[in-house]
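Please open the model in your viewer and keep a selection box at hand. The stops below are meant to be visited in order.

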Amino acid sequence: MSTAQEKLQAQLDASFTPQLSGNIAALDQILGKSADMQQRDFKLCGSSEFPGVCCFVDGLADASIIEAILKALVIFGSDLHRDPAAMPTADDIQTTLMVNASAKPCGKVRDGIAGIVSGDTLVLIEGLDQAILVSTKGWKDRGIEEPSSENNVRGPRDGFTESIRTNTAHVRRRIKDPLLRFDAMVIGTRTQTDINIAYIQDIVKEGLVDEVKRRLKGIKIDAILESGYIEELIEDAPLSPFNTVQSTERPDKVASALLEGRVAIFIDNTPVVLTVPTFFWQFIQAPDDYYNRYWVGSFFRSVRYLALIISLVLPSIYVMLVSFHHEMIPTSLALTIASGREVVPFPVLLEAIMLEIAFELMREAGLRMPKPIGQAVSIVGSLIIGQAAVQAGLVSPFMVIVVAITEISSFAIPSYSSSLALRIFRFPLLIASGVFGLLGFATVFFALLLHALSIRSFGESFMAPASPFRPSDQRDMLLRMPLWMQNQRPEFAQDQQRMGEQQMPRPPKGG
Amino acid sequence: MKRAVGLLITLIMLLTQTSCLGLRQINELAIVTAVGLDLGDKPGTIRVSAQIIRPADARGQTGAPSGGTGQPIYSIVSDGTSIFDAIRNLGRISSRRVYWAHNFFIIMSEDYARKGIKDMVDFFTRNHELRMNTWVAVTPNIPDEVISTITGLEVVPGEAVNRLFQNNHVVGRAPASDMMNLEEAFLSSSTEPVLARVQLMPRGISNLKPEEHGSLKQVELGGAAAFLGDKMVGWLNVKEARGLLFFLENLASGIEVVNCPDGDEVMSVEFRRAHLKVTPAYENQEPKFRIRLTTEADIVESGCSFSLGEGVRREAEEKLEKQLKSNIDSVIDKAQHRYRSDFMKLGDVFRNRFPEEWRVLKRDWNQTFSDAQIDVEVNASIKSGVVKAVGTDIR
């Protein structure tokens, strides 16, 4: 630790003194003359005997609340001032003058500074050895909007925002259970980011909350800018492309995760909330499944499973068949493929990689560009790739179809971050099947499968309930069974019973 | 870490040992869809002809233009001392690697078949690239001509022949013989091979010169070639082939034309749900077969100038029975007395029923079979005679 650091720590550890000028000097030393630090002088009860200073950060603190504080201190303080000789205590001021929801005396400089930088106002008065910290947090927040990365047709339209309190409120509004807990933490030596861990006391698996806390406490980092930081520092398989922590922008998804016995991690300044433990199959499940009729939900879930398989293996299978296993293609299809490839100068593998990369480029470019230009990119890109490249004899029309179907399938996966993982897996599969044929494809595919089976998420097998096989959890894995059949919570939850038996609705008898 | 590296090296070595590195792009292959076998000009040589697809012309040009000639196929022929030699010699002509896995059809000339097909069965079953569901046929024409004959409906002639064979059960005039059942009959001691007969007939009508009345040659499937051992012994005509099909493929339906009860007019009868049952017997050291064909039938076309009453129906039944019996009799007669070859799988039936006796008889089965007594019985019942007869109402 440098000497500057040591000096700073020493200054922070000091207590406030009755001398106002000394306190102000101490604050100025620590905060410097930062442009956004405001100091407003006032006279308590209008009396020059008790000068005081309000310290706050412009922009973080709500000006109207500060006005109310000043009004109380300056005008309504006359009750306290009956005996001019008697010094009012910090407690007196707090209990009689402060009409704010939250105000507390604070003796340490460290606490005062922490309050100021998080938007509170520190009130210093001559003659008091304690300062008063008044909650005046009130910066502009983004309105509640529909999450952009997780769209649903039926379902609530509200999404998380950057404010952690708004986000926890979203969940509290949905679960009015007194046993819903939010445990607070602060991570990041410099960013001092607020973290809340949410769980329902009697549903969550025993030990899970402690484990989450243990991992969070283990984080020693200067900054947490987004939930991705936390995700990367607490996950079980840090080297795996699979994400073993689920992230979502939807409050209904978090609520359902909590009700299934999971733990949610809220991080300030990000609309993305993490839920653990995470299972592979969750990436295929969308909230829509549960809001629509179960036939519809099951059908579209199976469509998504198909999309998962296609987006993972279709290009590899095409490349494998066309370069090694020609006998496996029906004759007429083989002829069509051959005629399309007649003038293509590259091997199929190279063609596939070229086109895949072109699509990834277009996707990335469309994403990074300003919105109106982003659309132009995709139009130009699809025109060039789809039409001109085929006409020029660079790629075969079949390859365009294969890659297009693959890309569209990958967009059908509800979880954005896991669809990215699948995109990445596509390339080793593609190369192995282009170099070694079916054997290479099988090898890499099984290596992937073994890897997915071997990893865990907070002590639970990633591929559960498929492996280890849990019969009662199957009702919500491949198919979405009717709600009245899913009367049990997932097996890892503490309290299993979700609803009463025999909930299947029926018309009254004899009607 | 050490383990991971070891595993990786093992995997790479395993993969490269499988010779999977033989990468070939699909457009670098000469896809053969039909192959012809004939005797070469020089004695002791074999002539192989192959129908190769030109994908760009067979499927239309997708994408950039490639030099097309407008012809969907490219047929080449080469000679060699053995089949494989001849095939390797094809490589001297073909610019692309000849690829056999999509072959639909193997056709042999009559001369070749009469000399023996042992080599051919051996080669086509031994080679891993060739499929076992390839159709096999014998032609009295020159195979080169048959495989290079363009049919009007399909772009790829091989595909046309493939469809001919696939839809064969509707017509029921030739056995659908593929490599699988050829090999099965060839290896079996209790039965002899029989292959379909394919010939070129001037049946196609040219759109440009319709007045030439069917001048274009087309491939026709009908009849069969009977074998004894690996040598072809003779032809079966379409009538005999119909009889044969009851034995080989349990032909269930077909059309027979029979005379009207009282005159020269004819009516068409469609038999349905035909079922042939062969019952072997062994009496006095002699095998005996009782063949019983039961079928239902409909009158589907009637040129008869009277209404179809109950008596007429009975009479039509008898005529149909007679006709079907004559089909079966004719093929049995040919098999027993002309070719002395049991290609109707009667030996199979006998062996299954009398395995002990078979051990004795199998040595000289074809002779025994030729002398065996075979009784044929046909039982037809016309269920409905609903047709519009001339001058009467619908009955």
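What follows is a tour that begins with chain B as a whole and then moves from one selection to the next.

The model is predicted, so that local features are given only at pLDDT of at least 70 and side-chain atom pairs only at pLDDT 80 or more, while totals for chains, interfaces and linings use all residues. Residues are numbered from 1 along each chain as its sequence is written, chains are lettered from A and ligands numbered from 1 in the order in which they are written, and side-chain values use heavy atoms, with hydrogens and water left out.

**Chain B as a whole**

Select chain B and colour by secondary structure: there are 14 helices and 13 strands, where helices (H or I, at least four residues) and strands (E, at least two) are DSSP runs numbered from the N terminus. Along the principal axes, the C-alpha atoms of chain B fill a box of roughly 85 × 65 × 60 Å. Of the 395 residues in chain B, 50% are buried; buried means under 20% relative accessible area, exposed over 50% and partly exposed in between, with a 1.4 Å probe and protein chains only. The accessible surface of chain B is about 19,400 Å², and carbon and sulfur atoms contribute 51% of that area, as computed by the Shrake-Rupley method with a 1.4 Å probe, only the protein chains shown counting as cover for residues.

If contacts are drawn (heavy atoms within 4.5 Å), residues 24 or more positions apart account for 69% of those in chain B with a separation of 6 or more. Colouring by charge shows 48 positive and 51 negative side chains in chain B, with the centres of the two sets 6 Å apart. Here Lys and Arg count as positive and Asp and Glu as negative, His and the chain ends being left out, and each charge is placed at NZ of Lys, CZ of Arg, CG of Asp or CD of Glu.

**Three loops of chain B**

Next select V156(B), in the loop between α6 (143-147) and α7 (157-166) of chain B. V156(B) counts as buried because its relative accessibility is 0%. Leaving aside neighbours within four places in sequence, the contacts of V156(B) are L335(A), T33(B), Q51(B), I53(B) and A58(B). A distance label from V156(B) to I52(B), 104 residues apart along the chain, should read 9.3 Å between C-alpha atoms.

Move to T81(B), in the loop between β3 (73-80) and α3 (83-90) of chain B; with a relative accessible area of 58%, T81(B) is exposed. Apart from neighbours within four places in sequence, T81(B) is in contact with G44(B), T45(B) and I46(B).

Then select Q285(B), which lies in the loop between β11 (266-283) and β12 (286-302) of chain B. Q285(B) is not a glycine, yet its phi is positive, near 60 degrees, and at 61% relative accessibility Q285(B) counts as exposed.

**Backbone details in chain A**

Cross to chain A and select Q192(A), in the loop between β6 (180-187) and β7 (193-200). Q192(A) has a positive phi of about 50 degrees although it is not a glycine, and at 47% relative accessibility Q192(A) is partly exposed.

Two cis peptide bonds can be visited next. One joins V276(A) and P277(A), with omega about -10 degrees, and P277(A) lies in the loop between β10 (273-276) and α10 (288-291) of chain A. Another joins A464(A) and P465(A), with omega about 5 degrees, and P465(A) is in the segment after β12 (460-461) of chain A.

**T244(A) and the aromatic side chains**

Select T244(A), in the loop between α8 (227-234) and β8 (246-248) of chain A; at 0% relative accessibility, T244(A) counts as buried. Not counting residues up to four places away in sequence, T244(A) touches several residues, including T278(A), I455(A) and F462(A).

From F462(A), extend the selection to F242(A), F280(A), W281(A), F283(A), Y305(A) and F425(A), which together with F462(A) form one aromatic cluster. Rings of Phe, Tyr and Trp (its six-membered ring) pair if their centres lie within 6.5 Å, and planes under 30 degrees apart count as stacked, over 60 as edge-to-face and the rest as tilted.

How many aromatic pairs does a search of the whole structure find over all chains? The search finds 30. The pair F299(A) and F300(A) is edge-to-face because the ring centres are 5.0 Å apart and the planes stand at 75 degrees.

Finish with R215(A), whose charged end sits over the ring of F458(A), 4.0 Å from its centre; the criterion is NZ of Lys or CZ of Arg within 6 Å of the ring centre and within 35 degrees of the ring normal.
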